[in-house]
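Hi everyone, thanks for coming. Today I'd like to walk you through a pair of strands, and then through the empty spaces of one protein. Please have a look at the picture first.

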Amino acid sequence: MSRSLCWSLVAVSVILTTQAPAADWPQFRGPSATGLAPDTGINKNWAQKPPKELWRTAMSDNGYAGPSVAQGMVFIVDHVGAQDVVRAISLQTGQDVWRYAYDNAARFDYGYCRSTPVFSEGRLYVWSREGLLLCLNATTGQLQWQHNLVQELGGKAPGWGMAGSVLIDGDRLIVCPGGAGGDTVCLDKRTGQGIWRGGTADVPGHATPVVADFNGAKQYVIATSVSVMGLDAATGKALWGIPWKNQSSVNAATPIVVPPYVFITTGYGFGCALLAVGPQGVSGLWQNKNLQAHFSSPIFYGNCFYGTTDPGDLICMNPRDGSVIWRKGGFEKGGIAIVDGVIIAVCGANGDVVMVQATYEGYHELGRLRPLGGQSWTAPIIADGKLIVRNTKALVCLDLM
């Protein structure tokens with residue numbers, strides 16, 4: 001692999017980590033959709049000053065839906081009886097500000113809704129496990145519009161149901177309901193009107209679309225259940241694609257885009273690969289089994305890939321050749337976020353929240369606590385100096401400052 005790859009990745013890392021000192025977390029994977037929080041000056045001395053619990057609230061979905069934060073509220077989808085319940089929770093108090101319920105007749109199957117509500121310009125977008133897309137007023141919870149895209153478009157959900165979140169790109173909304181007419185659709189985010197339908201007839205994956213700019217051309221990178229591809233942002237036409245299928249046809253980790261490169265990974269013993277996207281299409285630079293992300297998306301930071309891999313290790317990977325720089329066991333299928341030079345990793349099996357130095361020089365643990373315990377498969381988020389973590393039973397907010 002050429003030296004140019006290393007320098008290109010370093011340059012992007014600097015850009016992504018030079019941001020405002022604090023921010024909301026308005027969508028899946030944070031303000032830049034990279035898993036990076038721009039907060040600085042956080043407390044890193046957990047031994048003498050453990051993060052203070054600010055509040056906790058019970059969750060009744062017994063699942064894994066992710067939280068987002070905007071307008072001083074935490075948004076998350078819960079489940080009560082035969083309904084999903086969108087909750088807006090005060091970031092300061094932990095009390096519900098509003099709730100919006102919609103029918104969900106699906107049986108319990110590793111919870112119900114697994115997506116993250118996405119906030120944009122006063123609106124909240126929710127993608128249900130059954131393929132219902134809702135637009136709500138984020139201040140009041142009032143329904144603005146909705147579409148059952150699976151029913152309306154003849155879509156088809158993957159085996160575990162819809163699990164990715166929507167992508168907001170300017171005034172457009174990108175989501176993957178599947179179907180013979182094209183697995184991906186683009187809508188006007190304000191009205192819900194269709195703009196295009198594109199992609200392939202593949203069953204959708206469980207990952208969230210990613211916006212990218214390759215060689216001056218805007219694209220959306222989509223992981224279906226059996227492939228990874230790039231769609232023209234203007235038309236939805238497939239510009240490139242590669243087969244990417246494990247034994248269970250489950251692609252759940254979101255691709256990492258560092259133009260002109262795309263990093264992809266999946267579980268079930270399959271592995272990961274680095275792709276280069278050029279004017280003539282896509283080429284594979286390397287592929288191995290060192291990072292097998294079942295569903296927790298890795299993060300690119302400081303010229304390294306960090307992530308949790310089956311059977312349960314937190315690893316640091318060299319992007320030049322895919323070699324493992326360091327590895328530490330005991331994290332099961334937990335997710336990660338990176339803030340102020342440290343990794344906040346959650347152990348999926350027991351709920352330990354671990355602060356680790358984000359460096360290629362080795363595994364350096366800075367602190368550990370267990371605010372909730374139990375199975376914790378949802379990635380943590382950081383917003384306005386606060387760390388928000390959930391297990392299957394509760395959501396907790398901790399002070400990181």
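**Strands, pockets and cavities**

Let's begin with one pair of residues: Leu173 stands opposite Leu187 in strand S13. Before going on, please note that this is a predicted model, where local features need pLDDT of at least 70, side-chain atom pairs count only at pLDDT 80 or more, and totals for chains, interfaces and linings use all residues. Residues are numbered from 1 along each chain as its sequence is written, and side-chain values use heavy atoms, with hydrogens and water left out.

Strand S13 covers residues 184-188, and S12 pairs with S13 in the antiparallel sense over four bridges. Strands here are DSSP runs (E, at least two residues), and helices are too (H or I, at least four), numbered from the N terminus; two strands pair if DSSP finds at least two bridges between them. S12, residues 172-175, also runs antiparallel to S11, joined by three bridges. There, Leu167 has Ile174 in S12 as its bridge partner. S11 and S12 make a hairpin with two residues between them, and Gly170 in the turn has a positive phi of about 65°.

Now to the empty spaces. On a 1 Å grid over the protein atoms alone, a cavity is a set of points where a 1.4 Å probe fits but cannot get out, while a pocket is an open set with protein on both sides within 12 Å along at least five of seven lines; lining residues have an atom within 4 Å of a point. Grid points are joined across faces, edges and corners, and a volume is the space filled by probe spheres set on the points.

Which residues lie nearest the centre of the largest pocket? They are Tyr64, Arg114, Phe295, Ser296 and Trp377, out of 36 that line this pocket. Its volume is about 770 Å³.

The second largest pocket has a volume of about 570 Å³. Its lining has 30 residues, with Ser32, Ala33, Thr34, Val210 and Val211 closest to the centre. S15 gives the largest share of that lining, four residues.

How many cavities of 30 Å³ or more are there? The count comes to three. The largest cavity holds about 80 Å³ of space. Of its 13 lining residues, Trp127, Gly164, Cys176, Gly205 and Ala207 are the closest to its centre. The second largest cavity holds about 50 Å³, and its lining includes Phe295 and Ser296.
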